[in-house]
Amino acid sequence: MKIEELYQLYQQHPCITTDSRNCPEGSIFLALKGESFNGNQFAVSALEKGCSYAIIDEPTVLENLEHLDHLETLETLKQRLILVDDCLQTYKDLAREHRRQFDIPVIGITGTNGKTTTKELIRAVLAECYNVMATEGNFNNDVGVPKTLFRLNDSHDIAVVEMGASHPGDIKTLVETAEPNCGLITNVGRAHLQGFGSFEGVCKTKGELYDFLLAHDSPLFVNRDNEHLMKMVKERGEKTTQPDIYYYGQSDAEDILIRGEVVSCAPFLKFRWREQDADAGYVGEWFTVQTHLIGAYNLDNMLAAITIGYVNNIPFEQINHALESYVPTNNRSQLTETEKNHLIVDAYNANPTSMKAALDNFRLMEVSPKMAILGMMGELGDVSQEEHQKIIALLEEAHFDEVWLVGAEFQKAQSRFRTFANVDEVKQAIAQEQPAGRYILIKGSNSTHLYELPTLL
């Protein structure tokens, strides 16, 4: 069955489930596989629970039907089981076909750090004037992106699709599914090096978004101050016709469209921004925005959202309203006040680039006393020990009042700081010592489970 025929079937049954425990009446079950599960094993069960069809990629499902006792005939059952070469690829192909039904802007976002926060800020700004469909949660991989695209419907004016990567070629696969017609890379950093092999591998993979957009003459939104992104754009620009490129940043470069600068971080980021057009000799007035985000590093994310809002004709007042109203709720750049402490929670993920940014910002915050609870950074491969030692060097320079380090990589490093094997040991220390009256930075890779600590502090 061709993908166009499968999509016609989807239009008759517009609900795809990949979970055999959730089989809405009349839906289509798609048998995905993972390290510890095989959806093919549950295809027949999904039909019995209410699915109209099941898409499978193992012929043995059909071969084993004769051994089952069913109320319907085997012939009817076989007609409801659709055999394809690869269920995951079929899922992506169907999602792409669905995305092609909508002639709307689709903004693609990737990057080492800040892509989820930037996505949320862009969603907030665009939602001032449009009905926006955006990635929910962490659905940014080769299963999550199709799931996101299937949420598109006729009510949407614009889509914002986040794309993550941990191996070479990941972004190429995702952009070929989502087919964005504009987009941005927040930054590139030393993360997932075990999968990418090197920093150059990170740049090449993230740059696959630029490759797709340039090949389709689609606009790019680029941080003018990021030397790595500028290099990536220049390298590709020498090989292709340049589409529209909208620059944002903090420098005085003449080609910047939206310029911004930090006003204060005490502790929330306050900044100002303006539009400028060097060709027309025009410089706009400054707008000052008080945010609910921690970290000067979030200015770049703010400027990206402003630039996309500006290009999509969101009035300045509404851009500012959206940014001032946005409150993070996803363990990213959050400040929480408990009965005992002020917590700066950034415990969703960590890599050398984001860890350095968090520590630099915490050091600049005019608060006291300061305590840092840092979890180890995962997936750094052969450079893991070196990168953890660099973080310890930064901590030595920062002179925080107290530092707790969590995880095996920190325990192996040379350090005068207090270390813990895991989050359970940290919980025991909190219970015994009851830290209070502190500003506490909590940051680490998701695998260290530091997100379990805020309720205890």
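The legends below describe several close-up views of a predicted model.

**View 1. An open sheet of 4 strands with parallel pairing, and the helix that packs on it.** The strands follow the order β1-β2-β3-β4. Because β1 (16–17) and β4 (81–83) stand at the edges, each has a single partner strand, and one side of each is left without a neighbour in the sheet. Helix α5 (residues 87–99) packs on this sheet, where it touches β1, β2 and β3 (53–56), and the direction of α5 makes about 120° with that of β3. Within the sheet, β1 is paired in the parallel sense with strand β2 (residues 28–30) over 2 bridges, and T17 has F29 in β2 as its bridge partner.

**View 2. The largest nonpolar core and the surroundings of Y210.** This core holds 65 residues, of which I55, L81, Y210 and V222 touch the most other members. Helix α11 (residues 208–215) supplies the largest share of the core, namely 5 residues. When residues up to four places away in sequence are not counted, Y210 touches I185, L220, V222, L229, M232, V233 and R236. A second core, separate from this one, has 36 residues, among them V289, I306, I319 and A322.

**View 3. Strands β10, β11 and β12, with a parallel pairing and an antiparallel pairing.** Strand β10 (residues 245–249) and strand β11 (residues 256–265) run parallel and are joined by 3 bridges, with R259 in β11 serving as the bridge partner of G249. Between β11 and strand β12 (residues 268–277), which run antiparallel, there are 7 bridges, and here V262 has F271 in β12 as its bridge partner. The two strands β11 and β12 form a hairpin, with 2 residues lying between them.

**View 4. The packing of helices α15 and α16.** Two packed helices are described by the angle between their axes and the distance between the axes. For helix α15 (residues 352–364) and helix α16 (residues 384–398), the axes come within 11 Å and cross at roughly 5°; α15 and α16 are therefore roughly parallel to each other. On the α15 side the contact is made by P352, M355, K356, L359 and R363, which meet E387, I391, L394, L395, E397 and A398 in α16. Sorted by class, this contact has 7 nonpolar and 4 charged residues, and no polar residues.

**View 5. S384 in helix α16.** The residue S384 belongs to helix α16, and because its relative accessibility is 8%, S384 counts as buried. Once its neighbours within four places in sequence are left aside, S384 is in contact with M377 and E409.

**View 6. Backbone geometry at P369, E179 and N313.** Most residues other than glycine have a negative phi, and most peptide bonds are trans. The peptide bond that joins S368 and P369 is cis, with an omega of about -10°, and P369 is placed in the loop between α15 and β17 (370–375). E179, although it is not a glycine, has a positive phi of about 45° and is found in the loop between α8 (170–178) and β8 (182–185). N313, also a residue other than glycine, has a positive phi near 65°, and its place is in the loop between α13 (298–311) and α14 (316–325). With a relative accessible area of 63%, N313 is exposed.

**View 7. An open sheet of 6 strands with mixed pairing.** The order of the strands is β15-β16-β20-β17-β18-β19, and the edge strands, β15 (334–337) and β19 (418–420), each pair on one side only. Neighbouring strands of this sheet are turned against each other by 20° on average, direction ignored. Strand β16 (residues 342–346) and strand β20 (residues 439–443) pair in the parallel sense over 5 bridges, and the bridge partner of I344 in β20 is L441. Helix α18 (residues 423–433) packs on the sheet and touches β18 (402–406) and β19, its direction making about 150° with that of β18.

**View 8. Q11 and its separation from Y326.** Q11 lies in helix α1 (residues 3–12) and is partly exposed, with a relative accessible area of 47%. The residues Q11 and Y326 are 315 residues apart along the chain, and their C-alpha atoms are separated by 36 Å.

Note on methods: Residues numbered from 1 in each chain as written. Predicted model: local features only at pLDDT ≥ 70, side-chain atom pairs only at ≥ 80, totals over all residues. Heavy atoms only, no water. Pairing = 2+ DSSP bridges. Contact = heavy atoms within 4.5 Å. Axes fitted to C-alpha atoms, helices over the stretch in contact; angles between N-to-C directions. Core = buried A, V, L, I, M, F, W, Y, C linked by side-chain atoms within 4.5 Å. Buried < 20%, exposed > 50% of the residue type's maximum accessible area, 1.4 Å probe, protein only. Parallel < 35°, antiparallel > 145°, perpendicular 65-115°, else oblique. Nonpolar A, V, L, I, M, F, W, Y, C, P; charged D, E, K, R; others polar.
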